[in-house]
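Let's take a walk through this structure, starting where the chains meet and then going inside them. Keep the 3D view open as you read.

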Amino acid sequence: MLGNCLENVRKSMPLVHNITNYVTVNDVANAILACGGSPIMSDEPDDVADITSICGGLNINIGTLNKRTIEAMWISGARSKELGHPVLLDPVGAGASALRTNTAVKIMEKIKPDVIRGNISEIKTLALGSGTTKGVDADAADTVTEDNLEAMISFAKNFAAKSGAVVAITGAIDLVADAETCYVIRNGRPEMSRITGTGCQLSGITATYITANPDHKTEAVAAAVCMMGLAGEIGVANMAENEGNSSLRNRIIDAIYNMDAETLDHGAKYEVR
Amino acid sequence: MLGNCLENVRKSMPLVHNITNYVTVNDVANAILACGGSPIMSDEPDDVADITSICGGLNINIGTLNKRTIEAMWISGARSKELGHPVLLDPVGAGASALRTNTAVKIMEKIKPDVIRGNISEIKTLALGSGTTKGVDADAADTVTEDNLEAMISFAKNFAAKSGAVVAITGAIDLVADAETCYVIRNGRPEMSRITGTGCQLSGITATYITANPDHKTEAVAAAVCMMGLAGEIGVANMAENEGNSSLRNRIIDAIYNMDAETLDHGAKYEVR
Amino acid sequence: MLGNCLENVRKSMPLVHNITNYVTVNDVANAILACGGSPIMSDEPDDVADITSICGGLNINIGTLNKRTIEAMWISGARSKELGHPVLLDPVGAGASALRTNTAVKIMEKIKPDVIRGNISEIKTLALGSGTTKGVDADAADTVTEDNLEAMISFAKNFAAKSGAVVAITGAIDLVADAETCYVIRNGRPEMSRITGTGCQLSGITATYITANPDHKTEAVAAAVCMMGLAGEIGVANMAENEGNSSLRNRIIDAIYNMDAETLDHGAKYEVR
């Protein structure tokens, strides 16, 4: 049951090292705290090996990457692998610039992250070496729909097999796949795309979940994705008159804070294919 | 009508590249999303030419500038000009340090931004090569008032003529001027100065507006300034008991999210001089 | 009376230079604005001497330190001392990495900050050259409790005497000590540890308080610590149904915004030992 994955986070309170963008970092930290983890941020090459070493997992988000933070990603990625810590890669904007594409592809190939989470444009860029990324948002032409679902499930499984990672492709329909299994998840709300960083938050949360659930990573990723989508549904339901995207941001993190295993198990909408 | 400018943003959903400070960047992103644009942040010299190229406009904010981000500003500014993209300069803290003053003056002279938006101290620093900037807030001695309004309108038009930019001077009374026309805007609330980054948000929004309204930039800037001020009025009106500046920050962005053309046209308080 | 310290902040509106981490910087800025100060952030070595010079106080927070910002800390620290400005050090994560420990110890020894504020693990690292810092949060084994209170008060006074700084150790029980006097403060709520950056906010506020109250720094630090804890109590009391850590973050800053001297004097729970 997915709720168990949340309970494991709450019990073990995993410490997660985040090398992430400065746009959404505060929300990432509060989202990790909300679900029961403990975030620490550090991106200085001279600092990160020590920080990675005291943590249990690593979240690499290339959102506002620069030469210094890329160097830190390599050091922390390598150290995590030495220590057997799970690593998540969020290839923000892969396909939108050569630096982002190349950095994400190299991290995928050399660090071999345990989970790769992105929108369909970013994941296609990693999988196919191309894509039509429009900024940091997915291109409409790439979207997972009921019509192309079968093909997208195969794509996700194949990419998972090839990369060795659990692959989470998030959008209106979310897919979480390893080589054999694909969770098709229908939680979430379109309003979430009008808030900056819901994807980054999900990556931080997912890194926390896999750190607390090392022995069943695919299920843990699916639990994190369902929880984020469900929190979006609850957040929208709780919106008061005159509220908009800024208040919704708070209400989603609040919903994660108040989430329990039972709520998650009842609210999760997924099928396993 | 100013409302048309907002509708053009909502229809075209322009992608805007922001090189901005890390203090208020999250609110800038959410404010751009709230008004209907799509923000992307990147400040690594090796990344920014690609990012600028996929965007429609550029917002340069020097709030927490450093050597790396200044280099990125130059690259993106030049690339924007090559591509004919509109560029906005927010000279945060010009007058407060030599680096800020010199950087802002050089960007003004070499990049020739389409819009310059700042408080009166920052704009005077750019216009006159001096000023009495007190940190990142305007000095009281410089303020635009009903008493000096005539002179300030002339100052704004002259600076617009000299710089070739639409000039937005924001404060208790806002002025938006090109060489011939000046919008005198009386929207807004004093409480907005107790929230960090309402000026930065306005710059991000204004960059979004001029990207979506390339053929009538002065009006587009006036529309953005009126909308921000009106959102401040709505935000304050919506405040519940015990709320303060942090909740007001959310309520203002929420008001932008819920703004429509009719509300903007009815609520905008301006005269054209 | 502690309320006077708040009134002095509100009257003098001190300008405070912050070199602080990018995770919680927006909340630090809004918290300083909420209590009546005016924040400016700058961390570029070529910028900071000018910015420090126009400010009245300096807040150094090593939360996401890097080589560039460390250089800025040295420049601003030295300039503050030349100008007689008060300096606060927040040794975020001291004990968690060699870079953090060494940087914090060196700043303590060379800059001689007026106030050092951290959790018990960080302070023990500075005082004893060791500690059991678990990430950026205090280790449970180190906590100040009613049982070890006498010993911890002595520890705080001794470290204050040795370092020459007012020492603020914050946790379930807060201690604010100089060589002779220790405020034992019992304001605050456990929920505050589920929000990122309440400690960073307190450091920014404390730097603001000592800038506005240069002649009675220990009392000013105690006033800041009581106010933050009381704001946490008020924030939790004001929470509505379905709210969690993200809304609480706003409610705490709102409570600071609405705090007056009388509320602070009535709500402060402390004894002087």
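## Where chain B meets chain C

Keep in mind that you're looking at a predicted model. Start with the B and C pair: 31 residues of chain B are in contact with 32 residues of chain C. Together, these two chains bury about 2700 Å² between them, and carbon and sulfur atoms account for 45% of it. Which three residues of chain B give the most to that area? They are B:Tyr22, B:Arg194 and B:Asn245, which supply 23% of what chain B buries against chain C, more than any other three residues. If you're wondering about the choice of yardstick, the size of an interface is often given as the accessible area lost when the parts come together.

Now for the polar side of things. The rule finds three salt bridges across the interface of chain B and chain C. Try finding the salt bridge between B:Lys67 and C:Glu44, where the closest N and O atoms are 2.7 Å apart. There are also 20 residue pairs in polar contact across this interface, counting pairs with both residues at pLDDT 80 or more. On the side of chain B that touches chain C, the elements that give two or more residues are helix H5 (98–110) and helix H10 (245–258) of chain B. H10(B) has the largest share, with five residues. Sort the residues on this side of chain B by class and you get eight nonpolar, 14 polar and nine charged.

## Where chain C meets chain A

Next, swing the view round to chains C and A. Here 31 residues of chain C are in contact with 32 residues of chain A. The area buried between chain C and chain A is about 2700 Å², with 46% of it coming from carbon and sulfur atoms. On the chain C side, C:Tyr22, C:Arg194 and C:Asn245 lose the most area to chain A, together making up 23% of what that side buries.

How many salt bridges does the rule find across the interface of chain C and chain A? It finds three. You can look for A:Glu44 and C:Lys67, which form a salt bridge whose closest N and O atoms are 2.6 Å apart. The rule also gives 20 residue pairs in polar contact between chain C and chain A, both residues of each pair being at pLDDT 80 or more. Helix H5 (98–110) and helix H10 (245–258) of chain C each supply at least two residues of the side that touches chain A. The largest share, five residues, belongs to H10(C). As for classes, this side of chain C has eight nonpolar, 14 polar and nine charged residues.

## Strands inside chain A

Let's head into chain A. Strand E1 (residues 15–19) is mostly covered, with five of its five residues buried. A:Leu15, A:His17 and A:Ile19 point one way from E1(A), while A:Val16 and A:Asn18 point the other way, and all are buried. E1(A) pairs with strand E2 (residues 38–41) of chain A in the parallel sense, over four bridges. For a spot to zoom in on, take A:Asn18, whose bridge partner in E2(A) is A:Met41.

Strand E4 (residues 87–90) of chain A has both faces covered: A:Val87 and A:Leu89 on one side, and A:Leu88 and A:Asp90 on the other, are all buried. Strand E3 (residues 57–61) of chain A runs parallel to E4(A), and four bridges join the two. Within that pairing, A:Asn59 has A:Leu88 as its bridge partner in E4(A).

## Two buried residues in chain C

Finally, zoom in on C:Thr208, which sits in helix H8 (residues 198–212) of chain C. Is C:Thr208 buried or exposed? C:Thr208 counts as buried because its relative accessible area is 0%, and the cut-off for buried is under 20%. Its side chain reaches the backbone oxygen of C:Gly204 at 2.8 Å. Leaving out residues up to four places away in sequence, C:Thr208 touches C:Val9, C:Pro14, C:Val16, C:Ile32, C:Cys35 and C:Gly37.

C:Ile120 has its place in helix H6 (residues 120–128) of chain C. With a relative accessible area of 4%, C:Ile120 is buried. C:Ile120 and C:Val92 are 28 residues apart in sequence, and their C-alpha atoms are 11 Å apart in space.

Notes. Residues are numbered from 1 along each chain as its sequence is written. Chains are lettered from A and ligands numbered from 1 in the order in which they are written. This is a predicted model: local features need pLDDT of at least 70, side-chain atom pairs count only at pLDDT 80 or more; totals for chains, interfaces and linings use all residues. Side-chain values use heavy atoms; hydrogens and water are left out. Contact means heavy atoms within 4.5 Å. Buried area is the accessible area (1.4 Å probe) that two parts lose on being put together, summed over both. A salt bridge is a side-chain nitrogen of Lys or Arg within 4 Å of a carboxyl oxygen of Asp or Glu. A polar contact is a pair of N or O atoms within 3.5 Å; within protein, one must be able to donate a hydrogen and the other to accept it, and residues adjacent in sequence count only if both atoms are side-chain atoms. Ala, Val, Leu, Ile, Met, Phe, Trp, Tyr, Cys and Pro count as nonpolar, Asp, Glu, Lys and Arg as charged, and the others, Gly among them, as polar. Buried means under 20% relative accessible area, exposed over 50%, partly exposed in between (1.4 Å probe, protein chains only). Two strands pair if DSSP finds at least two bridges between them.
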